[in-house]
Amino acid sequence: LAAALAAALAAGAAAGMYDNNKYVEELTPKNFEKKVLKSQQPWLVEFYAPWCGHCKALYPEFIKAAEASKGMLRYGAVNADEFQELGHRYGVKGFPTLKIFGKDKNRPVDYNGERKAKAMKSALTKHSTNRNVQMVTEDNQEDFFGDKKALKFLLVTTKKTVPTSFVSLSDEYVRKALWGMYSLGEKDSLAWVNERLEDSGQKLKQKKLPKVLAFFHGGEVVPLSDEDMKYEAMKKWVDRQVEKAKEIVKEAKTKSRGYSSEADFKKSEKRMEQEMKHFNKKYKVKTKEQAEADAKRELGMNPYGAY
């Protein structure tokens, strides 16, 4: 960390203090709205100045908090000495200033707690509210599985609260899939879940929970392996399922047009386009623009619009 800090400080304002860190995003007026304000996830943003001694002291703790969160919670930093307009917008009067952009991104909350990694991570976690994970039960399962989205992720667990990792992924991929959690109580059963898994040849057992399942349009079910339950591995798995769902939807659309594959559909389109060009050339079929240009010539007008 000491070497990284020295390198960052040597670069000065030309490069952000956190430019080389994987989990801390350097924010500017160009990316602040897209990264922070339009995000569904909570952000802890530090407004700093490269020359500020307190900012240098905060640096290792801020990185430690971000790295401990491993992308499940978001951390950003604004060089408010360089981008003063961003600092003024959020009432920054000293360095470092820490603000949490939670559920209401237009009303960030000042963080005035201890400037230690554990305290900062704990404060940000409290703003990681579950907005996109539905609580699925045997009684309302039809609402969840009957949704029109082509991909659905279901977490089956004995826990009562939604894990931060699952909340974070549901926030990031809310437009790509539907997210649900079945919290198995003492009197609850896995029977209805296993009934849905019957065609896939899978069966859940309570002692093997938690389990994450991806349900695709058409009935296929893909389970997340136990080895991939950590956030970063789970995120890569979710990425693969999202891409797979796109292909399944594309294939379904292709078949609905009467073609066996997307490749056949594209070949047919290209062949039709070539046939139309040949037909137009053979029978001298004119486009609307060509016909208008010929009419203007006959009237003694410039075909391009001027006399």
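The legends below describe close-up views of a predicted model.

**View 1. Strand 8 and its burial.**
Strand 8 covers residues 178–183, and 6 of its 6 residues are buried. In a regular strand the side chains alternate between the two faces of the sheet. Here one side carries Leu178, Gly180 and Tyr182, the other carries Trp179, Met181 and Ser183, and both faces are covered.

**View 2. Strand 8 between its pairing partners.**
Strands of a sheet pair through backbone hydrogen bonds, either parallel or antiparallel. Strand 6 (residues 133–135) runs parallel to strand 8 and is joined to it by 3 bridges. Within this pairing, Met135 stands opposite Met181. Strand 7 (residues 151–157) also runs parallel to strand 8, with 6 bridges between them. Leu155 has Met181 of strand 8 as its bridge partner. Between strand 7 and strand 8 the chain passes through helix 7 (residues 164–172), and this β-α-β crossover is right-handed. Met181 thus appears in both pairings, opposite Met135 and as partner of Leu155.

**View 3. The open sheet of strands 1 to 5.**
An open sheet of 5 strands has the order 1-3-2-4-5, with mixed pairing. Its edges are strand 1 (24–27) and strand 5 (109–110), each of which pairs on one side only. At one of these edges, strand 1 is parallel to strand 3 (residues 74–79), and 4 bridges connect the two. Glu26 has Ala77 in strand 3 as its bridge partner.

**View 4. The buried face of helix 5.**
Helix 5 spans residues 117–125, and its residues Ala117, Met120, Ala123 and Leu124 are buried. Seen down the axis of helix 5, the buried residues lie within an arc of 135 degrees, so they line one face of the helix. These buried residues pack against strand 2 (43–48), strand 3, strand 4 (97–101) and helix 3 (53–69).

**View 5. Glu61, a buried charged residue without a salt bridge.**
Glu61 belongs to helix 3. Which side chain of opposite charge is nearest to Glu61? That side chain is Lys116, 4.3 Å away. A salt bridge needs the side-chain nitrogen and the carboxyl oxygen within 4 Å. Glu61 is buried and has no salt bridge. Leaving aside neighbours within four places in sequence, the contacts of Glu61 are Arg115, Lys116, Ala117 and Met120. Two of these, Ala117 and Met120, are among the buried residues of helix 5.

**View 6. The cis peptide bonds before Pro96 and Pro210.**
The peptide bond from Phe95 to Pro96 is cis, and its omega is near -10 degrees. Pro96 sits in the loop that links helix 4 (84–89) to strand 4. A cis peptide bond is also present from Leu209 to Pro210, with omega near 5 degrees. Pro210 lies in the loop between helix 8 (191–197) and strand 9 (211–216).

**View 7. Lys70 and its positive phi.**
Lys70 is a residue other than glycine with a positive phi, near 50 degrees. The loop between helix 3 and strand 3 holds Lys70. With a relative accessible area of 40%, Lys70 is partly exposed.

Conventions: Residues numbered from 1 in each chain as written. Predicted model: local features only at pLDDT ≥ 70, side-chain atom pairs only at ≥ 80, totals over all residues. Heavy atoms only, no water. Buried < 20%, exposed > 50% of the residue type's maximum accessible area, 1.4 Å probe, protein only. Pairing = 2+ DSSP bridges. Right-handed = clockwise from strand over helix to strand, strands pointing away. Arc of directions from axis to C-beta. Contact = heavy atoms within 4.5 Å. Lys, Arg positive; Asp, Glu negative; His and termini not counted.
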